[in-house]
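Here are some exercises to work through with the model open beside you. Try each task before you read its solution.

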Amino acid sequence: MSMARSLPATGMLAFEHVTKWYGPVAALTDVTFSVGCEVVGLVGKNGVGKSTLMKLAVGLLQPSQGKVQVAGHAAHTRQARTLVGFCPDFETLYEDLTGATFVSWMLRFHGFSPSAARARAQAVLDQLGLGPHMHRAIREYSKGMRQRVRLAQALAHEPQFVLLDEPMTGLDPVARSQLSEIIRNLPSLGVGVLVSSHVLHELAAVVDRVVLVHQGRLLADGKVAELRASMPTQPHRLRIVVADARNLATVLVGWPEVHSVVVQTDGLEVAIGGEGSFYAQLTRLAATWPQPIEAVAPLDDDLASVFGYLVG
Amino acid sequence: MTARPRLRFLGTVVESARQTTLRLCRQRLWWIVLGSIFALVAVGWLLGMRLGERTNGQSLFCILAWWLHGTVLVPWFALYVGVQAVHGSLEDRTALYLFLRPVGRVPLLLGNWLAVSILSASVAVLGTLALFVGLAANPEVWTDGVHGHVAWVFAGSLALGAVAYAAAAVFFSAAVRRPLVWAAFFVVGLQQLTANLPVSAGLRQFTITDPLRRLVLDGIEPDARLADLLWPAETFQPEKIGTPIVDLAWLVGVTLVLACWFYRRTEYDARPRD
């Protein structure tokens with residue numbers, strides 16, 4: 001998919017102290033972050049303001065306070081809308097149209113001539129795997145096919161920034177994998193991506209960093225590992241695979257860094273405080289331990305765990 | 001990104017009208033419209049066959065064209081299709097796909113109105129002609145001969161009425177959450193209320209029926225009895241009232257300006273859904 005590379009790699013989408021009120025209810029409060037030519041995950045529970053944030057970014061809503069800008073243009077302006085593609089989370093499409101017609105109709109409003117719009121729509125739908133079905137009515141499509149049509153209308157006009165609201169919804173595993181690949185490749189084509197998903201492990205596989213929203217506020221912004229490292233008071237959980245787990249447990253409980261040890265059939269689950277000194281001690285111990293320590297794996301360095309720790 | 005010429009205001013209106021027309025034409029409603037047109041031919045033909053001596057074919061055509069087609073079928077068709085085109089796409093959120101494009105909302109809405117106007121005006125003309133054809137199939141009851149002129153007067157007037165009702169539908173769709181309820185209040189409440197006001201009442205200008213009725217009466221030059229049948233509230237006094245086309249143009253203009261204002265500034269996706 002050909003995409004442009006003319007914008008600077010930072011600050012393609014910028015939220016500056018953005019607050020959004022719905023009557024007396026604050027949906028977002030003082031949110032500030034920016035997204036460059038990278039894949040950023042937007043994480044938060046239902047109803048915390050993720051969709052509001054997305055709609056502010058594409059100009060469907062306007063902030064009550066603060067600024068939302070796309071490449072220096074206010075998000076609701078035509079210049080910004082030329083640069084942005086949005087795949088919404090709602091189901092509806094023009095049911096009576098074919099996938100190809102729907103996408104080409106949307107392209108007409110981007111200045112594509114009728115023939116160019118048709119050709120571009122067919123090319124994008126083909127790339128998204130909808131080639132054989134693009135001339136069928138949308139009402140006959142499966143959930144996954146409908147999702148691809150929504151993606152196609154977001155990508156077809158060659159935007160420089162794409163917002164994907166729950167793009168994995170309804171897709172089968174193969175399609176999810178294909179979509180993840182597409183999302184991962186977009187920054188190399190000069191396209192920045194902000195993607196929200198409830199499937200955190202899939203999100204973690206494609207994002208460069210995450211923005212975590214909770215109760216309308218920006219709770220965290222950074223790489224998953226950095227966010228995890230920034231929680232020193234939160235014990236790390238490790239799984240140690242070893243044959244004589246019970247003996248090892250009696251040693252580990254005496255170490256000051258160890259908060260708790262749970263003996264399991266084929267190993268231990270250990271909660272620790274200071275990571276560095278624990279690992280140094282464990283390495284020394286492993287060299288002299290009679291049974292081989294087969295594996296040491298962190299249990300809570302993933303996005304789901306970080307999310308759980310942050311929002312409780 | 002390849003630089004493309006931006007779709008300008010008029011281009012957006014035309015493209016929006018084209019897409020809206022094609023979308024509306026795919027609805028099953030058109031089978032009902034087709035059936036209704038044939039029904040109008042049949043109604044005209046059957047009534048023509050049973051016509052008594054007190055009424056001639058032309059008077060019956062005028063009465064049916066006005067009271068059945070002009071005050072019931074055309075308004076409700078235009079309002080329903082207009083609400084479907086604008087409010088329907090706001091409710092099912094398909095309009096948001098258009099709001100994401102680098103075009104203004106005002107030309108999008110005007111395109112919707114244009115599409116609804118064209119379709120409604122076509123139905124108004126076809127319905128009028130269908131009724132005329134049905135009644136003209138019995139030429140013996142037209143005591144002064146069958147005159148096509150009267151059909152064209154009604155067809156033209158009701159087509160203008162359809163354009164105005166389309167503007168009202170677009171306004172209600174953009175401004176309120178239950179546009180068909182408001183449309184019903186407008187057609188059955190406001191218009192009927194003002195029909196009983198004096199001819200000089202300014203409120204008449206905020207209706208569609210009143211200028212339409214004047215337009216029809218100007219065109220067909222009815223005798224006193226027919227004028228009374230079409231406009232029962234008072235004696236027809238054309239010298240006391242303004243130009244109906246100008247009144248209609250004002251109504252359409254003001255309604256569209258208000259509709260565009262609401263459509264442009266409302267955050268439709270922020271409002272709670274019923």
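The exercises below cover two sheets, an interface and some charged pairs.

This is a predicted model, in which local features need pLDDT of at least 70, side-chain atom pairs count only at pLDDT 80 or more, and totals for chains, interfaces and linings use all residues. Residues are numbered from 1 along each chain as its sequence is written, chains are lettered from A and ligands numbered from 1 in the order in which they are written, and side-chain values use heavy atoms, with hydrogens and water left out.

**Exercise 1. Find the strand order and the edge strands of the sheet that contains β11 of chain A.**

Step 1. Start with the vocabulary: strands (E, at least two residues) and helices (H or I, at least four) are DSSP runs numbered from the N terminus, and two strands pair if DSSP finds at least two bridges between them.

Step 2. Reading across this open sheet of four strands in chain A gives β12-β13-β11-β14, with antiparallel pairing. The edges are β12 (258–264) and β14 (293–298) of chain A, each of which pairs on one side only. From one strand to the next, the twist averages 20 degrees.

Step 3. Now check individual pairs. β12(A) and β13(A) are joined by six bridges and form a hairpin with two residues between them; here A:Ser260 stands opposite A:Ala271. Five bridges connect β11 (residues 236–242) of chain A with β14(A), and A:Ile240 is opposite A:Val296 in β14(A).

Step 4. Add the helix. α9 (residues 245–252) of chain A lies across β11, β12, β13 (267–272) and β14 of chain A, at about 170 degrees to β12(A). Such angles run from 0 to 180 degrees between N-to-C directions, with axes fitted as lines to C-alpha atoms, for helices over the stretch in contact.

**Exercise 2. Which strands form the edges of the sheet with the order β2-β1-β4-β5 in chain A, and which helix packs on this sheet?**

Step 1. This open sheet of four strands also has antiparallel pairing. Its edge strands are β2 (25–35) and β5 (73–74) of chain A.

Step 2. Strand β4 (residues 65–70) of chain A pairs with β5(A) over two bridges, and A:Gln69 stands opposite A:Ala74 in β5(A).

Step 3. The helix is α1 (residues 50–57) of chain A, which touches β1 (13–22), β2 and β4 of chain A and makes about 120 degrees with the direction of β1(A).

**Exercise 3. Describe the interface of chain B and chain A.**

Step 1. Count contacts (heavy atoms within 4.5 Å): 31 residues of chain B touch 33 residues of chain A.

Step 2. Take the buried area, meaning the accessible area (1.4 Å probe) that two parts lose on being put together, summed over both. The value is about 3400 Å², and carbon and sulfur atoms give 59% of that area.

Step 3. Look for salt bridges (a side-chain nitrogen of Lys or Arg within 4 Å of a carboxyl oxygen of Asp or Glu). The interface has two, one of them between B:Glu15 and A:Arg108, with the closest N and O atoms 3.2 Å apart.

Step 4. Ask which elements of chain B take part. Those giving two or more residues to the side that touches chain A are α1 (9–25), α4 (95–99) and α5 (105–136) of chain B; α1(B) gives the most, with seven residues.

**Exercise 4. How many salt bridges does the whole structure hold over all chains?**

Step 1. The search finds 15.

Step 2. For an example, go to A:Asp96 and A:Arg139, whose side chains meet at 2.9 Å, N to O. A:Asp96 is in the loop between β6 (84–87) and α3 (99–108) of chain A, while A:Arg139 is in the loop between α4 (114–127) and α5 (143–155) of chain A, 43 residues apart.
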